[in-house]
Amino acid sequence: MSPIRTQWTRLIRFVAAETSQVHIGQPVDTTLDVGLAAWSKQVIRAHEILGSPLDPAAQLTNTVLTVKELLSPLSREEVKTVRCLGLNYTDHAAEAKMAKPPVPILFYKSLASIVGPNAPIFIPRIAQPVEDHLPDYEVELTIVIGKAAKNVSEADALDYVLGYTGANDVSFRKHQMTTSQWSFSKSFDNTTPLGPCIVSNNAIPDPQVIPLTCNLNGKTLQNGNTKDQIFNVRKTVAFLSQATTLEPGSVILTGTPAGVGYVRKPPVILRQGDVVRVWLGHGIGTLVNPVVEEGVARAKL
């Protein structure tokens, strides 16, 4: 099996100013953090890509479009399944005072939980008051599967990866800790930012050297590196593909490093008016999202 090859290196999905329609493309500026640029309303231009984000044959063109609105790199319709690993960093397991798991801890998120760059993280009424429910942030490297993977070996696992993006696995700790099954507490609508772009696997040959941080209201609270994962990307893809087909468009959130809010004293929680920034290196960039509590008057951002 050979790795997936694409014409593009970084893929974004966006509404174009010229057409008011959704397109995919590659940023003209190869060094631009498109997530930060979108948040600060900088001009972003992209070479249009013809085809689907999940089609390796999608054609990179010379047509240049202007980004009016940056979206998640995959639509909810293009995402097949959202799988997530819990407790997958050594330092996070230590801060949570939990033993390293012998096998990956797996849970699922609903597609309705996914939002894009700049979109509000929505805290529903059932997770209020926030002081009791402890809404929390989690920066995560996210794998995008590009071709059907079943019973793959660790040696071949990266050949099935289209690329990598970022995510904020927003968690509601009171609901999470009341049961051993986490999907309910991590699947509320509009609570999982995804993006800002997909970086091709060809541009990230080693996914175990990616720095990642989370910043809340200007303060960096998480500062980790994927080298500290308990189950690396190869192990994760191989394990999850056992007797199970990982379809193209499946995304896998690979866990979060130390620094989450609920273990701090006092706890750090997400609340109305906060701004969360999760950043991943190697060209992935920054996801910026404001926090909105259902039923609470929205402040100007």
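1. A good place to start is the pairing of β8 with strand β18 (residues 285-293), which runs in the parallel sense over three bridges. Within β18, Val-292 is the bridge partner of Phe-122. Strands here are DSSP runs of E with at least two residues, and helices are runs of H or I with at least four, numbered from the N terminus; two strands pair if DSSP finds at least two bridges between them.

2. Before going on, please keep in mind that this is a predicted model: local features need pLDDT of at least 70, side-chain atom pairs count only at pLDDT 80 or more, and totals for chains, interfaces and linings use all residues. Residues are numbered from 1 along each chain as its sequence is written, and side-chain values use heavy atoms, with hydrogens and water left out.

3. The β8-β18 pair belongs to an open sheet of five strands, ordered β8-β18-β17-β14-β15 with mixed pairing. β8 and β15 (219-225) are its edge strands, each pairing on one side only.

4. Just past β8 (121-123), Gln-128 sits in the loop that leads to α3 (130-133). Its side chain makes polar contacts (N or O atoms within 3.5 Å, one able to donate a hydrogen and the other to accept it; residues adjacent in sequence count only if both atoms are side-chain atoms). A polar side-chain atom of Gln-128 is 3.1 Å from the backbone oxygen of Ile-123, and the side chain also reaches the backbone oxygen of Pro-124 at 3.5 Å. Leaving aside residues up to four places away in sequence, Gln-128 touches (heavy atoms within 4.5 Å) Ile-123, His-133, Glu-293, Glu-294 and Val-296.

5. Helix α5 (residues 233-240) has Val-233, Thr-236, Val-237, Ala-238 and Leu-240 buried, meaning under 20% relative accessible area with a 1.4 Å probe, protein chains only. The buried residues of α5 pack against β5 (82-86), β6 (105-109), β10 (139-145), β11 (161-168) and β16 (251-253). At the N-terminal end of α5, Asn-232 acts as a cap, with a side-chain oxygen 3.2 Å from the backbone nitrogen of Arg-234.

6. Which rings form an aromatic pair? Phe-172 and Phe-188 do, in a tilted arrangement at 5.1 Å centre to centre and 50° between the planes. Rings of Phe, Tyr and Trp (its six-membered ring) pair if their centres lie within 6.5 Å; planes under 30 degrees apart are stacked, over 60 edge-to-face, and the rest tilted. Phe-172 is buried at a relative accessible area of 0%, and Phe-188 is buried at 8%.

Notes:
Buried < 20%, exposed > 50% of the residue type's maximum accessible area, 1.4 Å probe, protein only.
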